[in-house]
Amino acid sequence: MARIVAADDDDTPPFYSMELNTHDSTLGQLLKNVSDVRKMAIGDETPVHESLNQDDDYMRTVPFVLSFDNLTYNVSVRRKLEFRNLLPRPRTEDPEIAQTGRPKTKTLLNNISGETRDGEIMAVLGASGSGKSTLIDALANRIAKGSLKGTVKLNGETLQSRMLKVISAYVMQDDLLFPMLTVEETLMFAADFRLPRSLPKSKKKLRVQALIDQLGIRNAAKTIIGDEGHRGISGGERRRVSIGIDIIHDPILLFLDEPTSGLDSTSAFMVVKVLKRIAQSGSIVIMSIHQPSHRVLGLLDRLIFLSRGHTVYSGSPASLPRFFAEFGNPIPENENRTEFALDLIRELEGSAGGTRGLVEFNKKWQEIKKQNNRQPPLTPPSSPYPNLTLKEAISASISRGKLVSGGESVSNGGNTATATTLAVPSFANPMWIEIKTLSKRSMLNSRRQPELFGIRVASVVITGLILATVFWRLDNSPKGVQERLGFFAFAMSTMFYTCADALPVFLQERYIFMRETAYNAYRRSSYVLSHAIASFPSLIFLSVAFAVTTYWAVGLDGGPMGFLFYCLIILASFWSGSSFVTFLSGVIPSVMLGYTIVVALLAYFLLFSGFFINRNRIPDYWIWFHYMSLVKYPYEAVLQNEFSDATKCFVRGVQIFDNTPLGELPEVMKLRLLDTVSKSLGTTISSSTCLTTGADILKQQGVVQLTKWNCLLITVAFGFFFRVLFYLCLLLGSKNKRR
């Protein structure tokens, strides 16, 4: 395995040194020892971990330099429908403006260039709408290919999307965390997702403990994250946990969008101090920040000020006074440098000429600065190993202790082991481990909110009790048949309406899912499967609870086997309904809109199920909805389960007159009418003659096309079908990139 070590000389810049406390280097030392054993095993006689100084034997890897040139990003501007747009416009030389009244595109980034290196924090500053978040997204490859112009390179090589996902992390502005997990559990799940399977569980725990100390949240390690209804950790601690999730795999590139937003000055300083330690451990940190305090400014290494997509300043914080002094607006001695700069930029933006003069002055100032230095301040050839490719540099970092998610440095063989290759899988773990970890996290989070499942159980049991008391011990008369039909229609539709509570589950997790899958923490297919696995045990419990509550109380037929099928079709209905609602949650972004659509569609399913109108009576132009109805198949299945006994009679003798105006006649008159009917038909119909069996009822209801087992299979298949649609929604609709 190649040993890439920075030279130990007096000319090495200060950011070459690594400032790690004992907690930060724990896992690096463990992996380093493994590397030493490998070296001795293959006979490599090169020195083992030469020290940069006498106190620290942890060696720096090849330096990384991130450069970006002429980044330009334009977006289409939709034309608003306004009354003034209908009026004739004055002529103009610009045909585009003449046609639409304003340009069709808006420039969010205009030829932005810069560079930074490991050990440094680059901060992007500017007013709202200046392009700070857009620049961070551009560097983090969160803008769709083809929309962004310009180049982003690491050590002079263009970053491929797959490689960038492995060696980088992106921390969103919002703290997207599961509220019922503790800080330690949250970081441990992140370690299970992002650290390679080859790393033992014990070392993953060591990494989590070291990270907790590095983030300064040791006192909150056993505290839940919390939300509006559950007291948890503070806002500053939440932000540090959010950062910790994305740096668990020790990324080379770390992007952060407004990490100090909403925090007080002390919490903001603690967050940036953590980022400084991360940078000093060998990472490049790039973040957007609104208005840093004096203490925060002291931790920053490079600044980029933006104004409406243009660069108005790029350089170190120490150069700010000189820059604005030469521009003609010197910074007062006791003034916060960044506050003065931002105030001046806002003032210029409101003037007639805007910031054009400041933009042009910055370009000239940068050119003069380069001429005085005779070369750019940061270039990859400054490395003592300028001929290394990017993969070799990353491989060397991994061999020295960088955890880079799933990446492994592999020797090409030979006694000298002078070359390395980088094995970079798309995901750190195989699919079955992802499913196991996701299911465990989901079940743990649900177990700590028992009131949610309790309400669902109570809803099902109370509904079952109401139905049991209303339809208590139905007889086998014509009225009993009608009441059975009503019970089955309401019961089967209840299964689907009860599943509507699954709608907000994914809507609440959507942005957590997008954050985790954006950088390949796990596969989308793993999430879909784990989502189904985690929800299935509760469906079984609900199915048995409803079946036990209603089956014997209503007096349904079929015995033990009938009860078993009754449980199965209820479970299949829950499964199908849950999958259907889950699919809708992947399409509809709003809870209220989602509930409206779910209730409406389930009402249509019930309408066309065959209870209110038989299949033969449904108009041809609506018959397709009958076959798409999720309620149809469970409804027909329970009808066949109840009326499949051909020997069981439901209408005998004078019962034929029930549910008709003749039903009010005295019993003697009914017998005379029955005798008259018998003579007319030429047959004998007595008061005990069976006139309608279960098979006749099924025929009357139009339930003759499918068996009950076919209905069960179709219901189950609907569940899998909607899960596949849910997966496609996640695959196509969660790219997490700007267009």
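Mentor: Before we look at how helices lie on the sheets of this predicted model, keep in mind that axes here are lines fitted to C-alpha atoms, and that angles run from 0 to 180 degrees between N-to-C directions.

Trainee: What angle does helix α3 make with β8, and which strands does it lie across?

Mentor: Helix α3, residues 132-139, runs at about 150° to β8, and it lies across β3, β6, β7 (253-257), β8 and β9 (302-307). Helix α11 also packs on the sheet, where it touches β3, β9 and β10, and its direction makes about 20° with that of β9.

Trainee: What makes β6 and β10 edge strands of the sheet?

Mentor: The six strands form an open sheet in the order β6-β7-β8-β3-β9-β10, with mixed pairing. At its edges, β6 (168-171) and β10 (310-315) each have a single partner strand, so one side of each is left without a neighbour in the sheet. From one strand to the next, the twist averages 15°.

Trainee: How do you know that β3 and β8 count as a pair?

Mentor: Pairing requires at least two bridges between the strands, and four bridges join β3 (residues 121-125) to β8 (residues 284-288), which run parallel, so the requirement is met. Within this pair, V124 has S288 of β8 as its bridge partner.

Trainee: How do you know that β1 and β2 pair as well, and in which direction do they run?

Mentor: Nine bridges join β1 (residues 65-76) to β2, and the strands run antiparallel; since two bridges would suffice, the pair qualifies. These strands belong to an open sheet of four, ordered β2-β1-β4-β5 with antiparallel pairing, in which the edge strands β2 (105-117) and β5 (157-158) each pair on one side only.

Trainee: Why is T355 called buried?

Mentor: The cut-off for buried is under 20% relative accessible area, and T355 has 10%, so the term applies. T355 sits in the loop between α11 (337-349) and α12 (356-373), and, leaving aside neighbours within four places in sequence, it is in contact with S307, V312, I345, L348 and E349.

Trainee: Which residues touch the most other members of the largest nonpolar core, and which helix gives the most to it?

Mentor: That core has 121 residues, and those touching the most other members are L154, L159, I167, L253, F487, Y566 and I570. Helix α19 (residues 559-587) gives the most, with 14 residues. Apart from this core lies another, of 63 residues, among them I247, L254, V271 and L344. In soluble globular proteins, nonpolar side chains tend to be buried together.

Methods: Residues numbered from 1 in each chain as written. Predicted model: local features only at pLDDT ≥ 70, side-chain atom pairs only at ≥ 80, totals over all residues. Heavy atoms only, no water. Buried < 20%, exposed > 50% of the residue type's maximum accessible area, 1.4 Å probe, protein only. Contact = heavy atoms within 4.5 Å. Core = buried A, V, L, I, M, F, W, Y, C linked by side-chain atoms within 4.5 Å.
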